[in-house]
Amino acid sequence: MNPGERTVDRYLTGSELDGFRLGEHIHTGAMGEIFRVTGRDTGFPMIMKLPRSGRGASQEGLLGFETESLVLPALTGPHVPRFVAAGSLARTPYLVTEWVEGESLEQLLKRSPLPPVEAARLGAALADAVHSLHLQDVIHLDLKPDNAIVKPDGRLALIDFGLAYHAHFPDLLAEERRFTAGSAPYISPEQVLGTRADPRSDIFALGVVLYEMATGELPFGVPSTLGGLRDRLWRDPVPPRVRETAVPPWLQEVILRCLEPNAEDRYQSAAHVAFDLRNPDQVVLTDRSSRFNESGLMEQVQRWWRARGMHSLPRRLPRSQVAAAPIIMVAVDTTHPDDQRQPALQRATAQMLSLSGEFRLICVSVIRGARVAEGAGVSEAASEEHREHIVRLLHWVEPLRLPPRRLSLHVLESASPEQALLEFARSNHVDLIVLGAPSPEQVRLAWWRSVASGVTANARCSVYVVRIPEPGDT
Amino acid sequence: MIIALLSDIHGNLEALQACLKHATESRAGRYAFLGDLVGYGADPQKVVDIVARYASEGAVIVRGNHDEALARTPRYMNDSVRAVINWTREKLSKDAKDFLASLPLCVREDEMCFVHASAASPERWDYIDSPSAARRSIDAAQATYTFCGHVHDQTLYFLAAGGKASVFSPLQGKEIPVGRHRRWLAIVGSVGQPRDNNPAAAYTQFDTAHERITFYRVPYDHLAAAEKIRDAGLPLSIAHRVEKGI
């Protein structure tokens, strides 16, 4: 018997632990063993993780197990396996969670390079999952295709929280520098330097996964030395389009922005990544998108020089960091561009934007979408109307003088403005909806009244309803 | 069971009452007072009366350096603190002084150790102001959980593999799992004189069954407490500290 297999030796398929019956042994990893289990009526399949103990157990594996036992029970939502039970770490350590059905990104990557549309779809689903963690003050720190399961509903669940950071709990790994800080191909530059409290580290890893999906290759290879790892502090990856000509400029822009060595230059929130991947026509292209070479030697040397002095940033909660990069959506009624309430809505929007630095403003207009009919003539007329409303949106937002990268314009066609706004806000991680209250005349119109109140009642985020007081109103 | 851990009340009646109310509402089943019942605040007698009543009902109480100073003012205390100690000595009944003098320096109970300063040498009033100081206290406490005060900022230390202590600044009101497989030292915060620019009273709860610790901040009428300090003719700097939480 291998001395490292004591756990397996102790717990065999068919044995029982705290009312759970061990089924098939499905994995032997650095942390320990994984079995399928039954014994509790949860309505979903379950697995039990058992740490390796005794001789042959690695300190790193135990700490990873302890970290996961700490973080996972505190997480909720569709992007993580549901927690079922945990044994006392002092007596019988184990962790029972949902077995997430689906295919791992690793399996999907066997077909890589994936078509850009497919890479963007999966990347957006991964960004959704990452954003959900960050909003819970958790940073995964070990994102890789192995740890991402695509569920049958298309959503993506993250597994393996052995390296994760939860801002509410003591960080057991903070001072364990002797252990690996993540998986070499995916780890961010700041993780290489020992920082564990920056959510933008996950955005870097997200960029590596996107790169891999789009090109079939890893941007920094698989370095095996610390020196090799440190290269990413200053070296550019080969631009994705050089490796795979099918990668469009907008996707290269998104990937390279995620992979910026300096976290300040990356996306500041995974929600922004998801937004860009879902709205390619709204990605503002910079020189990143057209790069066909790595930066010149001198620039890389300068970056290397700066990287020597890189150090950890002061601690802020992941959620507050992400909140500093809000997605703000303003609903503009482009059907009534001269409405007296438009300036008030503009002022309110400008006021909200002045409170946050790294915002993204989404201007949305909902027009009556009666034309769902087929036929080229109809769709041309529709796109003509669409363009007209985009122009009006642009005109509306122009006085705010926003740089293009902060701005995104959308005309939605729907018979129900309320539903269209709510759905758009939800699927794009909108943090704040700004919209006008109905005017006195409109209060009479039932559907208009329902937009402001319906959005306010049913939105999952904050809503700012802008109202102009009636003259003489007290 | 939930144990409410209160330290460094420093004669602040309003802050104590707010924390006790908060603890009662969260169904605390036991109380531990980790020293420095008096000093700085204007209500030493009322505070001692309340704590003595809890003691008679089985609460854990240990002695702090300010409680001890009533018997003999130590040389390290500055002028304004001396002024308060002298004033407190006059205001306290003999029973109250006897009660404070009778308190133990350290109480060990099952897997827990309660002490005002460091369990390594409680009588020296060493501050737990570094991981190494925390480790010395944890080692001497011979307990899974060590609870102390003296330092006024809420802090959680834990022993990592290899015996090194690590430090964590807790967020208020967030439950932290503190499993028995590790050893922990919690500085529970000051009820009566917080010093982190937040005037709200600080105390901590330990849930023994679920192995969880939660650090709380409880707002109270700190302006009234500061006003009383001024009215008592005590040094203005002390009233100012209570007012601003500094």
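In the predicted model, 18 residues of chain B are in contact with 17 residues of chain A. The two chains bury about 1,400 Å² between them. Of this area, 61% lies on carbon and sulfur atoms. Interface size is often expressed in this way, as the accessible area lost when the parts come together.

Charged pairing across the interface is limited to a count of 1 salt bridge. A:Glu66 and B:Arg182 form a salt bridge, with their closest N and O atoms 2.6 Å apart. Polar contacts between chain B and chain A number 2 residue pairs, both at pLDDT 80 or more. On the chain B side, three strands each supply at least two of the residues that touch chain A. These are strand 7 (155-159), strand 8 (165-168) and strand 9 (175-177). By residue class, the side of chain B that touches chain A divides into 10 nonpolar, 3 polar and 5 charged residues.

Chain A was examined next. Its fold contains 17 helices and 16 strands. Chain A has 474 residues, and buried residues make up 55% of them. Contacts in chain A were also sorted by sequence separation. Among those between residues at least 6 apart, 72% join residues at least 24 apart.

One residue of chain A illustrates such packing in detail. A:Ala331 sits in strand 12 (residues 327-331) of chain A. Its relative accessibility is 14%, so A:Ala331 counts as buried. Beyond its neighbours within four places in sequence, A:Ala331 is in contact with A:Leu345, A:Val364, A:Leu421, A:Val434 and A:Leu435. A:Pro223 lies elsewhere: 108 residues separate it from A:Ala331 along the chain, and the two C-alpha atoms are 48 Å apart.

Over all chains, the structure holds 40 salt bridges. One of them pairs A:Arg82 with A:Glu98, at 3.1 Å between the closest N and O atoms. This pair links distant parts of the chain, its members being 16 residues apart. A:Arg82 belongs to the loop between helix 2 (59-71) and strand 5 (83-86) of chain A. A:Glu98 belongs to strand 6 (residues 95-98) of chain A. The two ends differ in exposure. A:Arg82 is partly exposed, at 43% relative accessibility, whereas A:Glu98 is buried, at 11%.

A second salt bridge lies within a helix. A:Glu118 and A:Arg121 form this bridge, with the closest N and O atoms 3.3 Å apart. Both residues are in helix 4 (residues 116-135) of chain A, and they are separated by about one helical turn because they are 3 residues apart. An α-helix has 3.6 residues a turn, so residues three or four places apart point the same way. A:Arg121 is partly exposed, with a relative accessibility of 44%.

A third salt bridge joins the side chains of A:Arg155 and A:Asp153, at 3.2 Å from N to O. Both partners are partly exposed: A:Arg155 has a relative accessible area of 40%, and A:Asp153 has a relative accessibility of 48%. Salt bridges with shared partners also occur, joining A:Arg111, A:Glu118 and A:Arg121 into one network.

In chain B, helix 7 (residues 222-231) was analysed for burial. B:His222, B:Ala225, B:Ala226 and B:Ile229 are buried in this helix. They lie on the same side of helix 7 of chain B, because they cover an arc of only 100° around the axis. The cover over these buried residues includes helix 1 (13-25) and helix 8 (236-244) of chain B. After helix 7 of chain B comes B:Gly233, which has a positive phi near 80°.

A buried polar residue was also found in chain B. B:Thr204 lies in strand 11 (residues 201-207) of chain B. Its relative accessibility is 0%, so B:Thr204 counts as buried. A polar atom of the B:Thr204 side chain lies 2.9 Å from the backbone oxygen of B:Val188. B:Val188 is also one of the residues that B:Thr204 touches, not counting those up to four places away in sequence. The others are B:Ile3, B:Ala4, B:Leu5, B:Gln154, B:Ile213, B:Thr214 and B:Phe215.

Note on methods. Residues numbered from 1 in each chain as written. Chains lettered and ligands numbered in written order. Predicted model: local features only at pLDDT ≥ 70, side-chain atom pairs only at ≥ 80, totals over all residues. Heavy atoms only, no water. Helix = DSSP H or I, 4+ residues; strand = E, 2+ residues; numbered from the N terminus. Buried < 20%, exposed > 50% of the residue type's maximum accessible area, 1.4 Å probe, protein only. Contact = heavy atoms within 4.5 Å. Arc of directions from axis to C-beta. Buried area = accessible area lost by both parts, 1.4 Å probe. Salt bridge = Lys/Arg side-chain N within 4 Å of Asp/Glu carboxyl O. Polar contact = N/O pair within 3.5 Å; in protein donor to acceptor, adjacent residues only side chain to side chain. Nonpolar A, V, L, I, M, F, W, Y, C, P; charged D, E, K, R; others polar.
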